[in-house]
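I opened this model at my desk with a few simple things to look up. My notes follow in the order I made them.

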Amino acid sequence: MQVTVLGSSGSYPAPGRPGSGFLIEQAATRVWCDAGPGTFGALGLHIPLDDVTAVVISHRHVDHCIDVLAAFHAWAYRPEPRHGVPLLAPQSVIDALAGFVDPGSGGPFAHVFDLRPVEGGERLVLGDLDVEFFETDHSVPTVASRWTDGARTLAYSADTGPRGDWPQVATDADLFLCEATYQADTETDYPHHLRAAEAGRIARAVGARALMLTHVPPDLDPLRSVEEAETTFGREVALAVPGTRHRV
Ligand SMILES: [Zn+2]
């Protein structure tokens, strides 16, 4: 299994740094996981866009889902539209995105995408990958995901506060892709994100073999986030850099 970072910018994009999005691949299975702003174009730098076999969206915040609409335009408004691309997401994501395109139901959005609502506790097969979803500690329905090809495991925190079900999500993960929106001195009254040191602490507690930070906002120095996570993880921590490909 390999994962390509399409974008990892927290909350909003910056030049050269799309919002959250990853390409998860195993054999012919190519999953676009989270569709932050700029990730659809970035996807085309790595694979032919029609090769996407499924789209998985963690939650309906714009910085994680809005480029599904870019994909919709690309796949709908051409001589031979794509249809039936599996789109797995919490129901609120599907409602929001479909509502943007189709005033009713059964319109072009539901033709291009095969709409499949998911929630925490579900486990399913997507081609050559198994994926499990877990509800996170966020302010809207959000699913973390745990991916396996039968041998290796990738865990993705999505957006979350510290109260996630971490043993389920990330125990023994070969790679734990974890959000780190805040740093030690970030002042905030929004408790549904992690500090970098919390990401490191969680990864260590569940025995993750490698930790990669994502969702660091553009106004923070990401290398400082890495340093803070390393103090609690106790080992080297990686940063999700757009355009980089990692074997899990
Ligand atoms: Zn969010």
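**Entry 1: H111 and its contacts**

I should say at the start that this is a predicted model. I began with H111 and asked which residues it is in contact with, leaving aside neighbours within four places in sequence. I found R82, H83 and G84 on that list. H111 itself belongs to helix α5. I also looked up its cover, and H111 comes out as partly exposed, with a relative accessible area of 46%. For a sense of distance I took Q168, which is 57 residues from H111 in sequence. From C-alpha to C-alpha, I get 34 Å between H111 and Q168.

**Entry 2: the whole chain**

Next I stepped back to the overall fold. I count 8 helices and 14 strands in the protein chain. Its radius of gyration is 17 Å, and the globule rule gives 18 Å for 248 residues, so the chain is as compact as a globular protein of that length. Along the principal axes, the C-alpha atoms fill a box of roughly 55 × 40 × 30 Å.

How much of the chain is buried? I get 54% of the 248 residues. I then looked at contacts with a separation of 6 or more, and 59% of them are between residues 24 or more positions apart.

The surface came next. About 10,300 Å² of the protein chain is exposed, and 52% of that comes from carbon and sulfur atoms. For charge, I noted 18 positive and 33 negative side chains. The centres of these two sets are 5 Å apart.

**Entry 3: helices α4 and α3**

I wanted to know which residues of helix α4, residues 91-101, are buried. They are V93, I94, L97 and A98. These residues span an arc of only 110° around the axis, which puts them on the same side of α4. What do they pack against? I listed α2 (62-65), α3 (67-76), β5 (85-89), α5 (108-112) and β6 (113-117) as the partners of the buried α4 residues.

Since α3 is on that list, I looked it up too. It is mostly covered, with 7 of its 10 residues buried. I wrote them down as D67, V68, L69, A71, F72, W75 and A76.

**Entry 4: positive phi angles**

I checked the backbone for phi values that stand out. As background, most residues other than glycine have a negative phi. A27 has a positive one, near 50°. I found A27 in the loop between β2 (21-26) and β3 (29-33). Is A27 buried or exposed? It is exposed, at a relative accessible area of 60%.

D172 also has a positive phi, near 60°. This residue is in the loop between α6 (166-170) and β11 (175-179). I have D172 down as partly exposed, with a relative accessible area of 41%.

**Entry 5: L211 in strand β12**

I then turned to L211, which lies in strand β12, residues 211-214. Its relative accessibility is 2%, and the cut-off for buried is under 20%, so L211 counts as buried. Leaving out neighbours within four places in sequence, I found L211 in contact with F176, C178, A199, G200, A203, A229, F233, V237 and A238. One of these, A238, is 27 residues from L211 in sequence, and their C-alpha atoms are 6.2 Å apart.

**Entry 6: R235 and E132**

Where does R235 lie? I found R235 in the loop between α8 (222-233) and β13 (238-239). At 43% relative accessibility, R235 is partly exposed. Beyond its neighbours within four places in sequence, R235 is in contact with A208, R209 and E230. I also took the C-alpha distance from R235 to R204, 31 residues away along the chain, and got 9.1 Å.

My last stop was E132, in strand β8, residues 129-135. E132 is partly exposed, with a relative accessible area of 22%. With neighbours within four places set aside, I noted its contacts as E122, R123, A144, S145 and R146. I also compared its position with L97, one of the buried residues of α4. The C-alpha atoms of E132 and L97 are 23 Å apart, with their positions 35 residues apart along the chain.

Terms used: Residues are numbered from 1 along each chain as its sequence is written. This is a predicted model: local features need pLDDT of at least 70, side-chain atom pairs count only at pLDDT 80 or more; totals for chains, interfaces and linings use all residues. Side-chain values use heavy atoms; hydrogens and water are left out. Helices (H or I, at least four residues) and strands (E, at least two) are DSSP runs, numbered from the N terminus. The radius of gyration is taken over C-alpha atoms; the globule rule is 2.2 Å times the number of residues to the power 0.38. Buried means under 20% relative accessible area, exposed over 50%, partly exposed in between (1.4 Å probe, protein chains only). Contact means heavy atoms within 4.5 Å. Accessible areas come from the Shrake-Rupley method with a 1.4 Å probe; for residues, only the protein chains shown count as cover. Lys and Arg count as positive and Asp and Glu as negative; His and the chain ends are not counted. The place of a charge is taken as NZ of Lys, CZ of Arg, CG of Asp or CD of Glu. The arc is that of the directions from the helix axis to the C-beta atoms.
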